[in-house]
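Here's a quick briefing to read with the model open next to you. Grab your viewer and follow along.

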Amino acid sequence: MSGVTLKVLHGADRGKVFHNLNPPFTVGREEINDIQLNDERVSRCHFKIQRDNDRLVLTDLDSTNGTKVNGVEYPLKILRSGDLISVGRSLMLVGSEEEIAARLAALGSDNPTMAREMSSSESSVALDLSQERSPFQIDVASLRDAPSIPDNLSPGQRAQLCEILDFLQHRICRLVDTAKIDENSQSVSLKLSAWQRLLSVQARLSEMHRKISDPEWNGEN
């Protein structure tokens, strides 16, 4: 299994490339980390990347300013080639150019925020870091493929996952049934009560996400 490549695109360490990193490894401001960033907004030990079977998992180590992947803050996130990790003033790209190109080809679409540029004898992935757009808000929607179902679930875990999906599907179907479509204005409207139910579902999802991503949660709460 090949190592992990991280390229620093923005920040004091801009231009540094870390090849063939062997998970687990940590990133932070202190020398004790496998990757040390010269960024005062980065925590001493900011985040960890480890393998879980064939997946790369990022875990925020209770950092002060949080860890964002593709512009969204996550305490726990599966990483894929082409993902952007932002911590403090630093922005890092996950994966080699070959890995990113392979993922784009598998998705069958081009990423509008990434472009190939030829400089001297080397090719590199360049992102638009213009002043009009913050590098921490780059749109990487074209790289977001649907998450897969975890492997090797026990019968009880499979049943629990089905219950969660049934819960979400049932409530989403109810909301869809109450929606009113205006083809002239190309808009969809919901009643206030339906909107409140949608907010309730969002709150439940946020609660589930928080529990699952909590390193101290053992699944029994």
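What follows is a short tour of the sheets, the cores, one helix, the cysteines and a few backbone oddities.

Keep in mind that this is a predicted model. There are two open sheets to look at, one of five strands with mixed pairing and one of six strands with antiparallel pairing. The largest nonpolar core has 19 residues, and a search for disulfides across the whole structure comes back with zero.

**The five-strand sheet**
- Reading across, the strand order is β4-β3-β5-β6-β9, and the sheet is open with mixed pairing.
- The edges belong to β4 (35-36) and β9 (76-79); each has a single partner strand, so one side of each has no neighbour in the sheet.
- Inside the sheet, β5 and β6 run antiparallel to each other and share six bridges.
- If you want a pair to click on, Q50 has V57 in β6 as its bridge partner.

**The six-strand sheet**
- Here the order is β2-β1-β11-β10-β7-β8, again an open sheet, with antiparallel pairing.
- β2 and β8 (72-73) are the edge strands, each pairing on one side only.
- At the β8 end, β7 (residues 68-69) and β8 are antiparallel and joined by two bridges.
- V69 has V72 as its bridge partner in β8.

**The nonpolar cores**
- Within the 19-residue core, the residues with the most contacts are L6, F25, F47, I49, L79 and I85.
- Six strands each supply at least two residues of this core: β1 (4-10), β3 (25-28), β5 (47-52), β6 (55-60), β10 (84-87) and β11 (90-94).
- β1 gives the most to this core, with three residues.
- A separate core of six residues lies apart from this one, and its members include L91, L93, I100 and L104.
- I85 is a handy residue to centre on: leaving aside neighbours within four places in sequence, its contacts include L6, F47, I49, L58 and L79.
- I85 also touches T67, K68, S90, L91, M92 and V94.

**Helix α2 and its packing**
- α2 covers residues 155-178, which is 24 residues, and spans 35 Å from its first C-alpha to its last, close to the 34 Å expected at 1.5 Å a residue.
- Its buried residues are F167, L168 and L175.
- These buried residues of α2 pack against α3 (192-213).

**Cysteines**
- How many disulfides does a search of the whole structure find? The count is zero.
- C162 is partly exposed, because its relative accessibility is 45%, between the 20% and 50% cut-offs.
- C173 falls in that partly exposed range too, with a relative accessible area of 39%.

**Backbone oddities**
- Most residues other than glycine have a negative phi, and most peptide bonds are trans.
- P23 and P24 are joined by a cis peptide bond, with omega at about 5°.
- P24 sits in the loop between β2 (17-21) and β3.
- N152 is not a glycine, yet its phi is positive, near 55°.
- You'll find N152 in the loop between β13 (122-127) and α2, and its 74% relative accessibility makes N152 exposed.
- Q186 isn't a glycine either, and has a positive phi of about 55°.
- Look for Q186 in the loop between β14 (180-182) and β15 (187-189).
- With a relative accessible area of 68%, Q186 counts as exposed.

Technical notes. Residues numbered from 1 in each chain as written. Predicted model: local features only at pLDDT ≥ 70, side-chain atom pairs only at ≥ 80, totals over all residues. Heavy atoms only, no water. Helix = DSSP H or I, 4+ residues; strand = E, 2+ residues; numbered from the N terminus. Expected span 1.5 Å × (residues − 1). Buried < 20%, exposed > 50% of the residue type's maximum accessible area, 1.4 Å probe, protein only. Contact = heavy atoms within 4.5 Å. Core = buried A, V, L, I, M, F, W, Y, C linked by side-chain atoms within 4.5 Å. Pairing = 2+ DSSP bridges. Disulfide = S-S within 2.5 Å.
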